[in-house]
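Welcome! Have the sequence and the 3D view at hand, and let us walk through this protein together.

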Amino acid sequence: MSCSIYYTAERKTPLTDMEITSVHNIIDKYNSEYPFDEKSEDFCIYDGLLENDVIFQGATKLPDSDMELSFEVAEYWLECITEITRLLHGCQWSVTLDDVCIVWNDLYGWSFPTDI
């Protein structure tokens with residue numbers, strides 16, 4: 001069974017041209033430096049008109065052949081989303097692994113919830 005990471009950012013102001021270029025540079029870097037042998041798909045953002053105040057949205061499918069690999073790949077893509085989150089100021093974010101909410105930490109960025 002395959003899983004995907006879903007990500008959405010909302011704010012009242014649209015992306016600037018500089019933000020768009022910077023986001024694409026981050027995504028291109030992570031797609032080109034992908035360190036694992038198996039890839040289900042590149043980091044994906046939805047094109048076209050987004051609804052309401054959504055300025056950034058996408059989903060990326062994880063490999064489903066190996067659970068450990070899936071989590072390593074998810075952590076890799078969460079690093080990409082962390083860079084984008086730090087770039088896009090003033091946004092309300094939602095990041096999930098299917099229906100599991102991913103948590104934000106100002107120091108580490110996006111990560112899986114853990115029991116402490």
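## Before we start

A residue is called buried under 20% relative accessible area and exposed over 50%, with partly exposed in between. Aspartate 42, at 39% relative accessibility, therefore counts as partly exposed. Please keep in mind that this is a predicted model.

## The sheet

Let us begin with the strands. Four of them form an open sheet, and their order is S2-S1-S3-S4, with antiparallel pairing. Strand S2 (54-61) and S4 lie at the edges, as each pairs on one side only. In general, the strands of a sheet pair through backbone hydrogen bonds, in either a parallel or an antiparallel way.

How many bridges join S1 to S2? There are seven, and these two strands run antiparallel. Serine 4 has lysine 61 in S2 as its bridge partner. On its other side, strand S1 (residues 4-10) is joined by six bridges to strand S3 (residues 92-97), again in the antiparallel sense. Tyrosine 6 has threonine 96 in S3 as its bridge partner.

Tyrosine 7 is a good residue to find in the view: glycine 58 is its bridge partner in S2, while valine 95 stands opposite in S3. Is S1 mostly covered or mostly open? Strand S1 is mostly covered, with five of its seven residues buried.

## The hairpin at the edge

Now follow the chain from S3 into strand S4 (residues 100-101). These two strands pair in the antiparallel sense over two bridges. Threonine 96 has cysteine 101 in S4 as its bridge partner. The hairpin of S3 and S4 has two residues between the strands, and aspartate 98 takes a positive phi near 50 degrees there.

## Salt bridges

The structure holds four salt bridges, and we can visit some of them. Side chains of opposite charge can pair when their charged atoms come close.

In one of these pairs, glutamate 19 meets arginine 11, with 2.5 Å from N to O. Are these two partners buried or exposed? Glutamate 19 is buried, because its relative accessibility is 12%. Arginine 11 is buried as well, because its relative accessible area is 10%.

Another salt bridge joins the side chains of lysine 12 and aspartate 53, at 3.0 Å from N to O. This pair links distant parts of the chain, 41 residues apart: lysine 12 sits in the loop between S1 and helix H1 (17-32), and aspartate 53 in the loop between H1 and S2. Lysine 12 counts as exposed, because its relative accessibility is 72%. Aspartate 53 has a relative accessible area of 27%, so this residue is partly exposed.

Aspartate 42, which we met at the start, also takes part in a salt bridge: its side chain meets that of lysine 39, at 2.5 Å from N to O. Lysine 39 is partly exposed, because its relative accessible area is 31%.

## A negative patch

Finally, turn to the surface. Which residues form a negative surface patch? They are Asp66, Glu68, Glu72, Glu75 and Glu79. One of them, glutamate 68, has its place in helix H2 (residues 67-87). Glutamate 68 counts as exposed, because its relative accessibility is 57%.

Methods
Residues numbered from 1 in each chain as written. Predicted model: local features only at pLDDT ≥ 70, side-chain atom pairs only at ≥ 80, totals over all residues. Heavy atoms only, no water. Patch = residues over 30% accessible without salt bridge, like charges linked within 9 Å, V, L, I, M, F, W, Y side chains within 5 Å. Areas by Shrake-Rupley, 256 points an atom, 1.4 Å probe, with all protein chains shown as cover. Lys, Arg positive; Asp, Glu negative; His and termini not counted. Charge placed at Lys NZ, Arg CZ, Asp CG, Glu CD. Helix = DSSP H or I, 4+ residues; strand = E, 2+ residues; numbered from the N terminus. Buried < 20%, exposed > 50% of the residue type's maximum accessible area, 1.4 Å probe, protein only. Pairing = 2+ DSSP bridges.
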